[in-house]
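I opened this entry to record what I looked up in the structure, element by element. Strands, helices, hollows and a few single residues are on the list.

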Amino acid sequence: YLFKKNGGKLSCCTQIHLVESTISLYSDFDIFFSYGNEQDSLKKFNKLGGRVIKSVPVGSHKMEYLWHDKNKIYTSKDIDILVIGINPISWFHISKDMQENLFKFLHWIKMISIKNPKYNIVYKHHPNFPKDTKLDKEENLILKDSSIKKIIKSPKIEVDTYDYMDRSKMILSYGSSMILEGISNKKDCFFVSPHNNTSIHFSELNYINKIIIKSYDDLEKKI
């Protein structure tokens, strides 16, 4: 409001995560610089009560400066399956369904690990993941007796999730938009959504339906 009142013409926003059903209704800007050439995100913003006028595909601005500008390539693909965690701040407390199905997703990954003990499976969390909390302990309990390596913060400050992604043969997530970024880098990436009901991450976003795994059998088959 103050920007426009003082002569500003266009307010803009770059995409750094999926258009969720939690915070997207507060979005108010003129141009949305999106990952890809799709209009589902724009429709979702406005359906939820936000105000977004135009969507322009530009790719991932965040991945450009955190990964492509480094121009680092790992020839060794030492991670068989990378599980990318997501910031639990907004969506985790929206409903018990979202929490229960996150835990079900982790149970599926644990089953894969136990059936394939030689697989190097890394669970890389978002840096904002709350360590030593009820959620952290619940996850540790689920993953117990598996060979999954859980990483909340990398040992080196310059190492971020894009580094892990490039070292991986397959990437899975409950809702991280890095799945879309990984596909742009020609990686085998999938969302995993155990519930049949509509997730706040994926509702209205029909363009990603083909990369969502909804059953354990399908997960196992793709792996």
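**Notebook: helix α5 and its surroundings**

I started at the end of helix α5. D145 follows α5, and its phi is positive, near 70°. I note that this is a predicted model. D145 is a residue other than glycine. Most residues other than glycine have a negative phi. I placed D145 in the loop between α5 and β6. Is D145 buried or exposed? It is exposed, with a relative accessible area of 65%.

Next I went through α5 itself, residues 134-143. Which residues of α5 are buried? I listed L135, D136, E139, I142 and L143. These buried residues cover an arc of only 125° around the axis, which puts them on the same side of α5. An α-helix has 3.6 residues a turn, so residues three or four places apart point the same way. I then checked the other side of α5 and found K134, K137 and L141 exposed there. What covers the buried residues of α5? The cover includes α4 (96-115), β5 (121-124) and β6 (149-151).

**The open sheet**

I traced the strand order. Six strands form an open sheet, ordered β6-β5-β4-β7-β8-β9, with parallel pairing. The edge strands are β6 and β9 (212-213), and each pairs on one side only. I looked at the β9 edge. Strand β8, residues 188-192, pairs with β9 in the parallel sense over two bridges. Across this pairing, V192 stands opposite I213 in β9.

I stopped at S173 in strand β7, residues 168-173. S173 is buried, with a relative accessible area of 0%. What does S173 touch, leaving aside neighbours within four places in sequence? I recorded I84, I86, F105, I179, F190, F191 and V192. So V192 turns up twice in my notes: it is in contact with S173, and it stands opposite I213. I also took one distance from S173. N209 is 36 residues from S173 in sequence and 14 Å from it in space, C-alpha to C-alpha.

**The β2-α2-β3 unit**

Here I followed a crossover. β2, helix α2 (residues 40-47) and β3 make a right-handed β-α-β unit. How many bridges join strand β2 to strand β3? I counted six between β2 (residues 28-34) and β3 (residues 51-57), which run parallel. F33 stands opposite V56 in β3.

I then turned to the helix of this unit. The buried residues of α2 are D40, S41, L42, K44 and F45. They pack against β2 and β3. Just after α2, G49 takes a positive phi of about 105°.

**Pocket and cavity**

I looked up the largest pocket and noted about 750 Å³ of space in it. It is lined by 34 residues, and the closest to its centre are K62, H126, P127, T161 and M178. The elements that give two or more residues to this lining are α3 (61-68), α6 (161-166) and α7 (178-184).

How many cavities of 30 Å³ or more are there? I found one. The largest cavity holds about 80 Å³ of space. Of its 13 lining residues, the closest to the centre are G85, I86, L102, Y123 and H125. I86 was already on my list as a contact of S173. α4 and α5 each supply at least two residues of the cavity lining.

**Two last single residues**

I went back to helix α4 for S113. Is S113 buried or exposed? It is buried, with a relative accessible area of 2%. Not counting residues up to four places away in sequence, S113 touches I121, S146, S147 and I148.

My final check was K186, in the loop between α7 and β8. Phi of K186 is near 60°, a positive value in a residue other than glycine. K186 counts as exposed, at 76% relative accessibility. I filed it beside D145, which is exposed and has a positive phi in a residue other than glycine.

Methods
Residues are numbered from 1 along each chain as its sequence is written. This is a predicted model: local features need pLDDT of at least 70, side-chain atom pairs count only at pLDDT 80 or more; totals for chains, interfaces and linings use all residues. Side-chain values use heavy atoms; hydrogens and water are left out. Buried means under 20% relative accessible area, exposed over 50%, partly exposed in between (1.4 Å probe, protein chains only). Helices (H or I, at least four residues) and strands (E, at least two) are DSSP runs, numbered from the N terminus. The arc is that of the directions from the helix axis to the C-beta atoms. Contact means heavy atoms within 4.5 Å. Two strands pair if DSSP finds at least two bridges between them. A crossover is right-handed if, with the strands pointing away from the viewer, the path from the first strand over the helix to the second runs clockwise. On a 1 Å grid over the protein atoms alone, a cavity is a set of points where a 1.4 Å probe fits but cannot get out, and a pocket is an open set with protein on both sides within 12 Å along at least five of seven lines; lining residues have an atom within 4 Å of a point. Grid points are joined across faces, edges and corners, and a volume is the space filled by probe spheres set on the points.
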